[in-house]
Amino acid sequence: MSHLPWKPIRLRNLEQEIDQAFDELIHGQWGLCPPSGNWQPEIDIFETLDYYLVEADVPGVDPDEIHVTVDPHSLTISGWRRSGCVEHSAQGVCIERRQGSFVRRIPLDQAIDPSHVKRENQAGILRLKIPKQKLSPPA
């Protein structure tokens, strides 16, 4: 009887690839699909009559490394997440957390007011409250 080396199936990678394929299929048509790269923060967008609320998962990202750019019809969030290991002599045994730069551009249906965006970083979540521009009543 021969002994073959045991090679477990990498289901975690397969699961991530399937999730990415579905994200591209479902969200890509709306322009919300993140570009491929090292990692992308997951984002939720809520809308009220007066403003948009955006929440982005950014664990391990220094708030000073997160840049928010707002123009009248879109929001861009970019930044950088560094490696979590500060011990330079340590070898990776299992590395699952992704690192590197990210950019998320989110088109918005209604014009927004870039000068009054409220920003909050708490517990690894970036929260943005973006007021919509007030429309002038028709003359």
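These legends walk through several close-up views of a predicted model.

Local features are described where pLDDT is at least 70 and side-chain atom pairs at pLDDT 80 or more, while totals for chains, interfaces and linings use all residues of this predicted model. Residues are numbered from 1 along each chain as its sequence is written, and side-chain values use heavy atoms, leaving out hydrogens and water.

**View 1. The whole chain holds one helix and seven strands.** Following the sequence, we meet the pattern α-β-β-β-β-β-β-β; helices (H or I, at least four residues) and strands (E, at least two) are DSSP runs numbered from the N terminus. Of the 139 residues, 21% are buried, where buried means under 20% relative accessible area, exposed over 50% and partly exposed in between, with a 1.4 Å probe and protein chains only. The accessible surface is about 10800 Å², and carbon and sulfur atoms supply 54% of that; the areas come from the Shrake-Rupley method with a 1.4 Å probe, and for residues only the protein chains shown count as cover. Counting contacts (heavy atoms within 4.5 Å) between residues at least 6 apart in sequence, 57% link residues at least 24 apart.

**View 2. Four strands make an open sheet in the order 1-2-7-6, with antiparallel pairing.** Strand 1 (43–47) and strand 6 are the edges; each has a single partner strand, so one side of each lacks a neighbour in the sheet. On average, neighbouring strands here are turned by 15° against each other, direction ignored. For such angles, axes are lines fitted to C-alpha atoms (for helices over the stretch in contact), and values run from 0 to 180 degrees between N-to-C directions. Two strands pair if DSSP finds at least two bridges between them.

**View 3. Strand 7 pairs with strand 2 and with strand 6.** With strand 2 (residues 51–57) the antiparallel pairing runs over seven bridges, and with strand 6 over five bridges. Take a look at Arg127 in strand 7: Glu55 stands opposite Arg127, and Glu120 also has Arg127 as its bridge partner. Leu126 is the bridge partner of Asn121. Side chains alternate along strand 7, with Leu126, Leu128 and Ile130 buried on one face, and Ile125, Arg127, Lys129 and Pro131 pointing to the other and not buried.

**View 4. Ala123 sits in the turn of a hairpin.** Strand 6 and strand 7 form this hairpin with two residues between them. Ala123 lies in the loop between strand 6 (118–122) and strand 7 (125–131). Most residues other than glycine have a negative phi. Ala123, not a glycine, has a positive phi of about 55°. Ala123 is exposed, with a relative accessible area of 75%.

**View 5. Lys132 is buried in the segment after strand 7.** Its relative accessible area is 7%. The side chains of Lys132 and Glu47 are joined by a polar contact of 2.5 Å. A polar contact is a pair of N or O atoms within 3.5 Å; within protein, one must be able to donate a hydrogen and the other to accept it, and residues adjacent in sequence count only if both atoms are side-chain atoms. The Lys132 side chain also reaches the backbone oxygen of Thr48 at 2.8 Å. Leaving aside residues up to four places away in sequence, Lys132 touches several others, including Leu49, Asp50, Tyr51, Tyr52 and Gln110.
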